[in-house]
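Me: I have a structure open and would like to learn how to read it. Can we take it feature by feature?

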Amino acid sequence: MASPTPAQFRAVHGDMDRWQAVDFEVYEHLVENEYVVAPRPAPGDRLPPRKAPKPGSGSAPQD
């Protein structure tokens, strides 16, 4: 069974004013899991190629 997203959790559990401590703990883990960062490359590992920004993003390519 897949974990709910933070938005799904809020929809089911209602207003945060009525949450218990355990609800905040579960919600915190759901939010953290949404923003998992890839591990840092080891020294000597090749980095993936840089991607050009999407057109219209307002960012100029960095060299």
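Reply: We will go through the overall make-up, then the aromatic rings, then one charged residue. Keep in mind that this is a predicted model.

Me: How many helices and strands are there in the chain?

Reply: The chain has 2 helices and 0 strands. Of its 63 residues, 10% count as buried.

Me: How is a pair of aromatic rings described?

Reply: Two values do it: the distance of the centres and the angle of the planes. A search of the whole structure here finds 4 aromatic pairs. One of them is F9 with W19, 5.4 Å centre to centre, with 85° between the planes. That pair is edge-to-face. F9 sits in helix 1 (residues 6-13), and W19 in the loop between helix 1 and helix 2.

Me: Are F9 and W19 buried or exposed?

Reply: F9 has 6% relative accessibility, so F9 counts as buried. W19 is buried too, at 8%.

Me: Why is the pair of F9 and Y27 called tilted?

Reply: Because the planes are at 35°, and tilted covers angles that are neither under 30 degrees nor over 60. The centres of these rings are 6.1 Å apart. This pair links helix 1 to helix 2, 18 residues apart. Ring pairs join F9, W19, F24 and Y27 into a cluster.

Me: Now the charged residue. Which side chain of opposite charge is nearest to D23?

Reply: R18, at 11 Å. D23 is buried yet has no salt bridge. A polar atom of the D23 side chain does lie 3.0 Å from the backbone nitrogen of Q20. Beyond its neighbours within four places in sequence, D23 is in contact with F9 and H13.

Technical notes. Residues are numbered from 1 along each chain as its sequence is written. This is a predicted model: local features need pLDDT of at least 70, side-chain atom pairs count only at pLDDT 80 or more; totals for chains, interfaces and linings use all residues. Side-chain values use heavy atoms; hydrogens and water are left out. Helices (H or I, at least four residues) and strands (E, at least two) are DSSP runs, numbered from the N terminus. Buried means under 20% relative accessible area, exposed over 50%, partly exposed in between (1.4 Å probe, protein chains only). Lys and Arg count as positive and Asp and Glu as negative; His and the chain ends are not counted. A salt bridge is a side-chain nitrogen of Lys or Arg within 4 Å of a carboxyl oxygen of Asp or Glu. A polar contact is a pair of N or O atoms within 3.5 Å; within protein, one must be able to donate a hydrogen and the other to accept it, and residues adjacent in sequence count only if both atoms are side-chain atoms. Contact means heavy atoms within 4.5 Å. Rings of Phe, Tyr and Trp (its six-membered ring) pair if their centres lie within 6.5 Å; planes under 30 degrees apart count as stacked, over 60 as edge-to-face and the rest as tilted.
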